[in-house]
Amino acid sequence: MLALKEENGLLWIRAGGRLGDEAYDRFVPQFEHIAEREAGTVPMVIELAPDFSGWDFGGLWRDLKFDIRHKDRFGRIAIIGDSEWEEWGTKLSSSLFRAEMKFFRPTLRSHAESWVQTGEDAA
């Protein structure tokens, strides 16, 4: 599951379960519509649900294609999750993007939102 909403000038994405190719069928057109409307880059908060378990092969392929195609549209990206592998994955992924990425625990959700908007740590 990939759910997307706009709130407080940010793009909020919630990922849950195991992401497959079909999760991107709805998500990509929604993102592209928002990105076309917004000048510059799109700041994002990505919340990884407790049941998030990564991608299957089709989902991983779609995610990689999406990231490459839209890399210049990403503003700061805050990842909210509660597992060590999610934090490790964020650190690894951050070297692959131009956009700044930072991992936050769920208890620091408001800090993640503040950081995405200002680039300053509220903690």
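**Entry 1: helix α1 on the sheet**

I looked up where α1 sits and found that α1 lies across β1, β2, β4 and β6, running at about 20° to β1. Contact here means heavy atoms within 4.5 Å. The axes are lines fitted to C-alpha atoms, for helices over the stretch in contact, and the angles run from 0 to 180 degrees between N-to-C directions. Helices (H or I, at least four residues) and strands (E, at least two) are DSSP runs, numbered from the N terminus.

I noted the source before going on: this is a predicted model, in which local features need pLDDT of at least 70 and side-chain atom pairs count only at pLDDT 80 or more, while totals for chains, interfaces and linings use all residues. Residues are numbered from 1 along each chain as its sequence is written, and side-chain values use heavy atoms, with hydrogens and water left out.

I then checked helix α4 (residues 109–118), which lies across β2, β4, β6 and β7 and runs at about 170° to β6.

**Entry 2: the sheet**

I traced the strand order as β1-β2-β4-β6-β7, five strands in an open sheet with mixed pairing. Two strands pair if DSSP finds at least two bridges between them. Which strands stand at the edges? I found β1 and β7 there, each with a single partner strand, so one side of each has no neighbour in the sheet. From one strand to the next the twist averages 20°.

I took one pairing in detail: β2 and β4 run in the parallel sense, over five bridges. Ile13 has Ile46 in β4 as its bridge partner.

**Entry 3: nonpolar cores**

I looked up the nonpolar cores, meaning sets of buried Ala, Val, Leu, Ile, Met, Phe, Trp, Tyr and Cys residues joined through side-chain atoms within 4.5 Å. Buried is under 20% relative accessible area, exposed is over 50%, and partly exposed is in between (1.4 Å probe, protein chains only).

The largest core has 25 residues, and those touching the most other members are Leu2, Leu11, Ile13, Phe27, Phe31, Met44 and Ile77. Two or more residues each come from β1 (2–7), β2 (10–15), α1 (23–37), β4 (42–48), β6 (74–80) and β7 (101–104). Which element gives the most to this core? I found α1 to be the one, with seven residues.

A separate core of nine residues includes Leu10, Val45, Ala112 and Trp115.

I returned to Phe27 and listed its contacts, leaving aside neighbours within four places in sequence: Leu2, Leu4, Ile13 and Phe66.

**Entry 4: salt bridges**

I counted six salt bridges, each a side-chain nitrogen of Lys or Arg within 4 Å of a carboxyl oxygen of Asp or Glu. Side chains of opposite charge can pair when their charged atoms come close.

Asp25 forms a salt bridge with Arg62, with the closest N and O atoms 2.8 Å apart. The pair links distant parts of the chain, 37 residues apart: Asp25 is in helix α1 and Arg62 in helix α2 (residues 57–70). Is Asp25 buried or partly exposed? I have Asp25 as partly exposed, because its relative accessibility is 47%.

Arg69 and Glu32 meet through their side chains in a salt bridge (3.1 Å, N to O). Here again distant parts of the chain are linked, with Arg69 in helix α2 and Glu32 in helix α1, 37 residues apart. Arg69 counts as exposed, at 62% relative accessibility.

The third pair I looked up is Arg76 and Glu100, whose side chains form a salt bridge (3.3 Å, N to O). Arg76 is in strand β6, and Glu100 is in the loop between α3 (84–94) and β7, 24 residues apart. Both are partly exposed: Arg76 has a relative accessible area of 23%, and Glu100 is at 45%.

Asp21, Asp25 and Arg62 are joined into one network by salt bridges that share partners.

**Entry 5: Arg62 and Asp72**

I went back to Arg62, which is in helix α2. Why does Arg62 count as buried? Arg62 counts as buried because its relative accessibility is 18%. The Arg62 side chain reaches the backbone oxygen of Tyr24 at 3.3 Å. I classed this as a polar contact (a pair of N or O atoms within 3.5 Å; within protein, one must be able to donate a hydrogen and the other to accept it, and residues adjacent in sequence count only if both atoms are side-chain atoms). Not counting residues up to four places away in sequence, Arg62 touches Asp21, Tyr24, Asp25 and Val28.

Last, I located Asp72 in the loop between α2 and β6. Asp72 is partly exposed, at 45% relative accessibility. Its C-alpha atom is separated by 8.2 Å from that of Ala99, 27 residues apart along the chain.
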